[in-house]
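This report describes selected features of one protein model. The sequence and structure come first, and the notes follow under short headings.

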Amino acid sequence: MKVLVVGSGGREHAIAWACARSDIRPALTCVPGNGGTARIARNVDIAPEDIDEIVDFVRDRGFDLTVVGPE
């Protein structure tokens, strides 16, 4: 399973951390992520406000689940 977490704050780190602890062990990617998420996921430098680029990224990489953290 491939999971994308959008955002760079503590909330997104907590979401990624919880996913990483799952028995499913998904392949985690964070956009853009932060120093904490870099330890458990791959961070990709895309601005969370750049919806078109995120949608293209999700479609190109075939993510199964996208979690959007920022309001």
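## Helix α2 and its packing

The buried residues of α2 pack against four strands: β1 (2-7), β2, β3 and β4 (65-68). The model is a predicted one, and the description below should be read with that in mind.

Helix α2 spans residues 51-61, and its buried residues are Ile54, Phe57 and Val58. Viewed down the axis of α2, these buried residues fall within an arc of 95 degrees, so they line one face of the helix. An α-helix has 3.6 residues a turn, so residues three or four places apart point the same way. On the face of α2 turned away from the buried side are the exposed residues Asp52, Arg59 and Asp60. After α2 comes Gly62, with a positive phi near 65 degrees.

## The two cysteines

How many disulfides does a search of the whole structure find? The search finds zero. For Cys19, which is in no disulfide, the nearest cysteine sulfur is that of Cys30, 8.7 Å away. Cys30 is likewise in no disulfide, with the sulfur of Cys19 as its nearest cysteine sulfur, at 8.7 Å. A disulfide requires a pair of cysteine sulfur atoms within 2.5 Å, so a separation of 8.7 Å does not qualify.

Cys19 has a relative accessible area of 17% and is therefore classed as buried, the cut-off being under 20%. Cys30 is also buried, with a relative accessible area of 0%.

## Two loop residues

Is Thr37 buried or exposed? Thr37 lies in the loop between β2 and β3 (42-43), and its relative accessibility of 1% makes it buried. Apart from neighbours within four places in sequence, Thr37 is in contact with Glu12, His13, Ala16, Cys30 and Asn43. One of these contacts, Cys30, is the buried cysteine with 0% relative accessible area.

Ile24 lies in another loop, the one between α1 (10-20) and β2 (27-32). Ile24 has a relative accessible area of 55% and is therefore exposed, since the cut-off for exposed is over 50%.

## A nonpolar surface patch

Which residues make the nonpolar surface patch? Ile24 contributes to it together with Met1 and Leu65, and the patch has an area of about 300 Å². Leu65 belongs to the range of β4 (65-68), a strand against which the buried residues of α2 pack.

Key. Residues numbered from 1 in each chain as written. Predicted model: local features only at pLDDT ≥ 70, side-chain atom pairs only at ≥ 80, totals over all residues. Heavy atoms only, no water. Patch = residues over 30% accessible without salt bridge, like charges linked within 9 Å, V, L, I, M, F, W, Y side chains within 5 Å. Areas by Shrake-Rupley, 256 points an atom, 1.4 Å probe, with all protein chains shown as cover. Salt bridge = Lys/Arg side-chain N within 4 Å of Asp/Glu carboxyl O. Buried < 20%, exposed > 50% of the residue type's maximum accessible area, 1.4 Å probe, protein only. Contact = heavy atoms within 4.5 Å. Arc of directions from axis to C-beta.
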